[in-house]
Amino acid sequence: MNEDQGPTIAPPITELPIKTAKGGFYHGFSTHVTIPSKLIVSMLIVWAIAFPSMANKTLGIANETIIHLFSSWYVLLVGLFLVFCVVLAILPISGRLKLGCPGDEPEFSRFSWFAMMFGAGLGIGMLTYSTGEPLSHLTNNPEIIAGHVGAVTQEAVGPAYLYSYLHWGFSAWAIYATIGLSVGYVAYRRGLPLTIRSGLVPLIGHRLTGLPGHIVDIVAVVATILGIAVTLGLGVEQFVQGLNRIGMGDWLLNADGLASNSAIVVALLIIVGASTISALSGVGRGIKWLSNLNLVLSLILFAAFLIFGATLFSLKLITFGTFDYLLSLPRLAFTFSRPDGTEIGNAIAQWQLDWTVFYWAWWIAFAPFVGMFVARVSKGRTVREYIIGVVLAPALMCFVWLSVIGGTAVDLVISGASNGSILSTVMSDQLYATISALMDSGLAHAFSILVVVLLLTYVITSADSAILIVNTINAAGKDDDHGRQHTLFWGVAIALVVGSLLIIGGLDAVRTAMIIGALPFSFVSALMAISVGKAIWRDSIREKHGVASTLPIPPANG
């Protein structure tokens with residue numbers, strides 16, 4: 001039965017037994033979650049490898065169907081997530097509640113906590129899309145399609161950054177904040193396992209110990225694997241382009257200028273092999289070392305663009321772009337463009353499907369992974385502090401990064417200084433092309449090597465973290481030793497998912513599989529928002545009536 005039923009105000013549910021194996025190969029794991037998750041992912045791999053043409057065609061048909069049937073659902077859902085977070089942060093009754101018991105203090109200092117949010121915000125996607133997205137929108141966006149501004153002009157810069165900020169801004173992080181809050185709230189206040197199903201306990205109750213809970217966790221695992229597949233797919237493409245830039249051989253690229261099949265295999269062996277070794281080194285050990293390294297390298301790259309890049313232009317972008325974004329967000333958050341039978345209307349609708357809907361699906365697929373991460377590091381924060389830290393801080397960092405790195409590329413293109421070298425290459429190569437246009441050959445070569453190493457650290461960290469999160473969900477929320485065999489399985493599985501999909505259909509196939517995998521979790525995430533909203537509301541009532549809403553504070557040692 002659901003918690004809080006009956007005329008009296010009952011304490012919240014503080015136990016959610018999840019059956020795990022007592023011994024054998026799956027010792028400590030929920031076989032009801034782990035085995036089905038492995039089977040689903042394995043079947044996808046076998047299907048893609050054994051029947052590549054049929055798989056590519058079927059994925060395309062399924063993607064087209066889902067996009068047209070559920071695109072408005074994605075737009076509405078993400079818009080409501082943002083409103084939900086704003087309301088929780090503003091209302092005193094919810095904002096002051098803590099992710100923890102009354103005596104719990106934050107595990108990390110505010111500076112370290114913000115630094116981890118920044119690290120989460122600046123991932124592989126920010127390396128590929130820091131130049132790629134503003135440049136793409138500079139050549140085509142709804143304002144250009146409608147004929148309001150010309151492509152690759154000064155007038156197109158504003159809309160280009162408005163849509164770039166939309167996709168990497170508060171809406172994206174509201175998704176992660178909602179999932180993390182749903183899990184962290186019941187884990188730290190009520191002692192429930194730190195796993196996705198726990199976030200639904202205030203809504204569904206003890207039934208989550210059985211089949212409904214297993215289904216929720218399976219959906220979360222599959223969504224995480226397909227979400228990380230997109231991230232790694234982008235990373236593989238840009239890693240290969242970087243190796244080509246620094247002179248590792250023409251065999252790396254095919255006739256279309258994209259990563260060759262041989263290069264994809266080699267890149268995945270390097271990336272996923274290193275990720276698996278990092279994950280096997282112990283929870284947090286490999287991630288911590290790599291996180292420190294990519295923070296240092298990111299700062300060096302950022303400083304180089306501040307020194308050599310279009311700094312004043314970038315500062316204007318940050319200032320005016322953020323202002324324009326804040327004014328336009330209430331409108332854009334709920335705008336859905338439908339085909340209207342006209343050339344312009346159909347083109348705008350297709351643009352939104354290709355960009356905004358793709359992004360919302362990607363962030364939702366990635367939400368179990370990032371949400372669990374932010375929940376892990378946010379114990380002891382109030383709801384208001386948590387939402388500000390998770391939504392505001394990384395989004396602003398993305399704005400700065402897009403403006404400084406991408407702004408330099410945009411300025412080189414508009415001024416003509418790049419001589420067409422940036423726009424003429426593929427998106428995964430545009431950051432390297434920007435560096436080449438900005439610096440002399442020797443310095444450009446050195447910074448291209450830095451980007452390759454930085455990209456490698458981000459890819460390894462992301463895959464390492466994803467493996468750990470998947471194992472944690474499979475192990476009913478326990479994050480201790482997960483067993484080498486399970487870590488190896490998920491490392492190999494991620495490599496095969498990315499590799500097989502890239503080979504049969506390139507990044508489009510990876511994106512398509514992710515959009516399909518994200519759909520079931522989109523419904524789970526909506527229920528998680530309702531669930532945590534109910535939990536906060538009921539806890540506020542409990543406080544008024546003197547009913548305990550958290551676990552008893554443990555006695556102090558000594």
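This report describes the overall build of a predicted protein model, its second largest pocket and several single residues.

## Overall build

The protein is made of 18 helices and has zero strands. Its radius of gyration is 23 Å, close to the 24 Å that the globule rule gives for 558 residues, so the protein is as compact as a globular protein of that length. Measured out along the principal axes, the C-alpha trace spans about 70 × 55 × 50 Å.

Of the 558 residues, 58% count as buried. The accessible surface of the protein comes to about 21,600 Å², and carbon and sulfur atoms account for 67% of that area. Contacts between residues at least 6 apart in sequence were also examined: 81% of them join residues at least 24 apart.

## The second largest pocket

Rolling a probe the size of a water molecule over the atoms shows where empty space is left. The second largest pocket has a volume of about 460 Å³. Its lining is formed by 23 residues. Nearest the centre of this pocket lie Leu258, Met427, Leu507, Asp508 and Arg511. Helices that give two or more residues to the lining are H5 (124-139), H10 (211-245), H11 (261-280), H14 (343-376) and H18 (484-544).

Helix H18 provides the largest share of the lining, with seven residues. By residue type, the lining of this pocket divides into twelve nonpolar, seven polar and four charged residues.

## Trp363 in helix H14

Helix H14, one of the elements that line the second largest pocket, also holds Trp363. This tryptophan has a relative accessibility of 5%, under the 20% limit, and therefore counts as buried. Leaving aside residues up to four places away in sequence, Trp363 touches His167, Trp168, Ala172, Ile175 and Tyr176.

One of these partners, Ala172, is 191 residues from Trp363 in sequence. In space, the C-alpha atoms of Trp363 and Ala172 are 6.3 Å apart.

## Phe336, in the loop before H14

Phe336 lies in the loop between helix H13 (311-332) and helix H14. With a relative accessible area of 23%, Phe336 is partly exposed. Apart from residues up to four places away in sequence, Phe336 touches Ser71, Ser72, Val75 and Gln352.

The distance from Phe336 to Trp355 is 12 Å, C-alpha to C-alpha, and 19 residues separate the two in sequence.

## The loop between H6 and H7

Two residues described here, Gly150 and Val152, belong to the loop between helix H6 (142-145) and helix H7 (157-168). Gly150 has a relative accessibility of 33% and counts as partly exposed. Among residues more than four places away in sequence, Gly150 touches Ile144 and Ala156. Tyr129 is 21 residues from Gly150 along the chain, and the C-alpha atoms of the two are separated by 22 Å.

Val152 is partly exposed as well, at 31% relative accessibility. Its phi is positive, about 50 degrees, although Val152 is not a glycine. Most residues other than glycine have a negative phi.

## Asn419, in the loop between H15 and H16

A positive phi is also found at Asn419, a residue other than glycine, where the value is near 55 degrees. Asn419 lies in the loop between helix H15 (383-415) and helix H16 (430-438).

Is Asn419 buried or exposed? Its relative accessibility is 71%, over the 50% limit, so Asn419 counts as exposed.

## Gly442 in helix H17

Gly442 has its place in helix H17, which covers residues 441-474. At 47% relative accessibility, Gly442 lies between the limits of 20% and 50% and therefore counts as partly exposed.

Gly442 and Glu64 are far from each other by both counts given here: 378 residues apart in sequence and 46 Å apart in space, C-alpha to C-alpha.

Key
Residues are numbered from 1 along each chain as its sequence is written. This is a predicted model: local features need pLDDT of at least 70, side-chain atom pairs count only at pLDDT 80 or more; totals for chains, interfaces and linings use all residues. Side-chain values use heavy atoms; hydrogens and water are left out. On a 1 Å grid over the protein atoms alone, a cavity is a set of points where a 1.4 Å probe fits but cannot get out, and a pocket is an open set with protein on both sides within 12 Å along at least five of seven lines; lining residues have an atom within 4 Å of a point. Grid points are joined across faces, edges and corners, and a volume is the space filled by probe spheres set on the points. Helices (H or I, at least four residues) and strands (E, at least two) are DSSP runs, numbered from the N terminus. Ala, Val, Leu, Ile, Met, Phe, Trp, Tyr, Cys and Pro count as nonpolar, Asp, Glu, Lys and Arg as charged, and the others, Gly among them, as polar. The radius of gyration is taken over C-alpha atoms; the globule rule is 2.2 Å times the number of residues to the power 0.38. Buried means under 20% relative accessible area, exposed over 50%, partly exposed in between (1.4 Å probe, protein chains only). Contact means heavy atoms within 4.5 Å. Accessible areas come from the Shrake-Rupley method with a 1.4 Å probe; for residues, only the protein chains shown count as cover.
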